[in-house]
Amino acid sequence: MSLPFTDVELARLRADFPILDQKVRGKPLVYLDSAASTQKPRAVIDAVARLYAEDYANVHRGVYQLGERATRAFEAGREATRRLLHAPEAREVLLLRGATEAINLVAQSWGRRHVGAGDEILITAMEHHSNIVPWQMLCEERGARLVVAPIDDDGSLLLDELARRIGPRTRLVSVAHVSNALGTVNPVQEIVELAHAQGVPVLIDGAQAVARMPVDVQALGCDFYAFSAHKLYGPSGIGALWGRAELLEAMPPWQGGGEMIETVHFEKSTYAEIPHKFEAGTPHIAGGAGLAAAIGYVEAAGVERIGAHEDVLLALATEAVREVPGLRLIGTAPHKVGVLSFVIDGIHAHDVGTILDREGVAVRAGHHCAQPVMQRFGVPATVRASFGLYNSREDVDALRRGLRTVIEVFQ
Ligand code: PMP
């Protein structure tokens with residue numbers, strides 16, 4: 001199996017990530033936890049540093065040049081996000097703290113207005129906690145019900161079961177584009193069609209998707225799309241919610257404060273237009289600049305090629321772990337990307353992670369903020385190796401060697 005990036009290209013890409021050039025416990029760092037957070041290329045680090053070193057001031061209000069430059073750098077993140085998602089208009093992009101805040105915003109602002117007693121929010125059994133708990137909180141407050149579409153033994157969504165659960169009380173369908181615990185890619189376009197046929201809007205949690213596949217919210221036809229920059233080679237603390245203008249315009253503000261108002265009187269305040277209505281307070285200014293740089297970087301590398309590169313690494317790693325006695329993959333859906341989740345008989349996931357760490361291999365061990373997925377598969381935790389554009393065949397070999405050591409230690 002050949003990788004889409006040539007050796008020279010991959011070496012060049014890896015060299016863009018200064019953090020990778022280090023030893024951990026005397027071994028070269030092998031970073032296999034990009035599903036939790038990706039590392040940052042020099043272009044992003046420089047964009048953030050340049051903002052602070054050369055262009056920093058508060059945004060949107062300064063009449064002076066520095067303030068204008070900072071505003072431009074921050075707003076570049078919004079325009080880049082519009083491009084990334086193929087959204088019609090930049091004003092439909094809200095720059096928030098990340099996917100978690102984006103989903104909470106929809107739950108609190110849209111949800112409080114549209115969800116009442118006896119109504120239902122439909123999610124799937126593979127959601128990250130950030131696409132479960134905000135809906136539970138809303139349901140508790142409004143007397144509504146959280147309905148869950150089940151998944152198959154291989155981690156695929158049971159689409160018919162999801163379709164059966166869309167009914168007259170369904171107010172919103174909220175699904176992951178890609179599962180962080182299983183790697184399953186959901187048929188989001190079909191989900192949107194099913195939901196829209198019944199007049200139900202759809203939110204897509206794209207946290208695991210945007211760095212691996214092209215996303216076109218107009219082609220998908222969804223109503224909201226959320227992601228975090230830190231899983232897209234960008235800074236942590238910033239991310240975006242895209243929403244249809246007419247939905248966002250009709251939604252009440254969520255947090256109150258500076259930036260989000262038009263006029264303020266003690267008797268009554270009026271609110272700014274979107275996106276500012278939803279961006280109370282001073283935002284993550286350098287984050288906006290870093291997000292723009294991250295999107296530029298991913299565009300230059302080519303998101304399709306990044307996805308194809310990770311697919312080959314996933315196939316190689318899936319093959320490599322077959323030799324490990326007692327290893328069971330969790331999540332083997334035909335359409336999956338990016339992550340390899342597994343358990344080994346008689347060895348706790350944390351022990352596997354700790355031994356791999358001694359070999360310089362950084363993987364995740366735990367429930368991956370998806371406890372219901374663990375419950376579904378009857379395991380307390382899994383080991384998860386996940387890939388990014390900088391990973392190589394050698395990284396997969398290091399994982400293979402590390403797992404041999406794990407087995408030796410426990411024999
Ligand atoms: N959804 C999915 C599928 C995720 O993988 C994550 C992050 N692990 C989130 C939502 C939440 O993202 P954040 O913590 O950046 O808000």
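**Figure 1. Thr100, Asp205 and Gln208 at the ligand.** A polar side-chain atom of Thr100 lies 2.5 Å from an oxygen atom of the ligand. Please keep in mind throughout these views that the model is predicted. Asp205 brings a side-chain N or O atom to 2.5 Å from a nitrogen atom of the ligand. For Gln208, the partner is an oxygen atom of the ligand, 2.8 Å from an N or O atom in the side chain. Of the 390 Å² of accessible area that the ligand has on its own, the protein covers 85%. The residues surrounding the ligand are Ala99, Thr100, His128, Ser130, Val178, Asn180, Asp205, Ala207, Gln208, Ser228, His230 and Lys231.

**Figure 2. Ser130, one of the residues around the ligand.** Here we look at the loop between β5 (120-124) and α5 (133-142), where Ser130 is placed. With a relative accessible area of 10%, Ser130 is buried. Its side chain is joined to that of His128 by a polar contact of 2.8 Å, and His128 also belongs to the ligand surroundings. Leaving out residues up to four places away in sequence, Ser130 touches Thr100 and Ile103. Ala99 is 31 residues from Ser130 in sequence, yet their C-alpha atoms are 7.8 Å apart in space.

**Figure 3. Arg212 and its link to Gln208.** Following Gln208 away from the ligand, we come to a polar contact of 3.1 Å between its side chain and that of Arg212. Arg212 sits in the loop between β8 (202-205) and α8, and it is buried, at 8% relative accessible area. Neighbours within four places in sequence aside, Arg212 is in contact with Ala35, Val303, Gly307, Glu310, Val337, Gly338 and Phe387.

**Figure 4. Helix α3 and what it packs against.** Helix α3 runs over residues 65-85, and its end C-alpha atoms are 30 Å apart, in agreement with the 30 Å that 21 residues should span at 1.5 Å a residue. Buried residues of α3 include Gly67, Ala70, Thr71, Ala73, Phe74, Gly77 and Arg78; further along, Ala80, Thr81, Arg82, Leu84 and Leu85 are also buried. An α-helix has 3.6 residues a turn, so residues three or four places apart point the same way. The helices that the buried residues of α3 pack against are α2 (42-54), α8 (217-220) and α10 (285-301), and the strands are β4 (93-96), β9 (224-228) and β10 (239-243). Just after α3 comes His86, with a positive phi near 55°.

**Figure 5. Ser392 and helix α14.** Ser392 lies in the loop between β17 (382-386) and α14 (393-410). It is buried, with 5% relative accessible area. The side chains of Ser392 and Glu394 are joined by a polar contact of 3.2 Å. Not counting residues up to four places away in sequence, Ser392 touches Leu10, Arg14 and Leu313. The 18 residues of α14 reach 26 Å from first C-alpha to last, close to the 26 Å expected at 1.5 Å a residue. Within α14, the buried residues are Asp395, Val396, Ala398, Leu399, Gly402, Leu403, Val406 and Ile407.

**Figure 6. Ile166 and its contacts.** Ile166 is found in the loop between α6 (159-164) and β7 (170-176), and a relative accessible area of 5% makes it buried. Setting aside residues up to four places away in sequence, Ile166 touches Leu122, Val173, Leu194, Ala195, Gln198 and Val200. A separation of 9.3 Å divides the C-alpha atoms of Ile166 and Val147, which are 19 residues apart along the chain.

**Figure 7. Backbone details worth a look.** Most residues other than glycine have a negative phi, and most peptide bonds are trans. The bond from Ile274 to Pro275 is cis, with omega near 0°, and Pro275 has its place in the loop between β12 (269-271) and α10. His60 has a positive phi of about 70°; it sits in the loop between α2 and α3 and is partly exposed at 31% relative accessibility. Cys369 also has a positive phi, near 55°. Its loop runs between β16 (364-366) and α13 (371-377), and at 32% relative accessibility Cys369 counts as partly exposed.

**Figure 8. Two buried cysteines, Cys139 and Cys222.** Cys139 has a relative accessibility of 6%, while Cys222 is at 0%. With a cut-off of 2.5 Å between cysteine sulfur atoms, the count of disulfides comes to 0.

Note on methods. Residues numbered from 1 in each chain as written. Predicted model: local features only at pLDDT ≥ 70, side-chain atom pairs only at ≥ 80, totals over all residues. Heavy atoms only, no water. Helix = DSSP H or I, 4+ residues; strand = E, 2+ residues; numbered from the N terminus. Expected span 1.5 Å × (residues − 1). Buried < 20%, exposed > 50% of the residue type's maximum accessible area, 1.4 Å probe, protein only. Contact = heavy atoms within 4.5 Å. Near = heavy atom within 4 Å. Polar contact = N/O pair within 3.5 Å; in protein donor to acceptor, adjacent residues only side chain to side chain. Areas by Shrake-Rupley, 256 points an atom, 1.4 Å probe, with all protein chains shown as cover.
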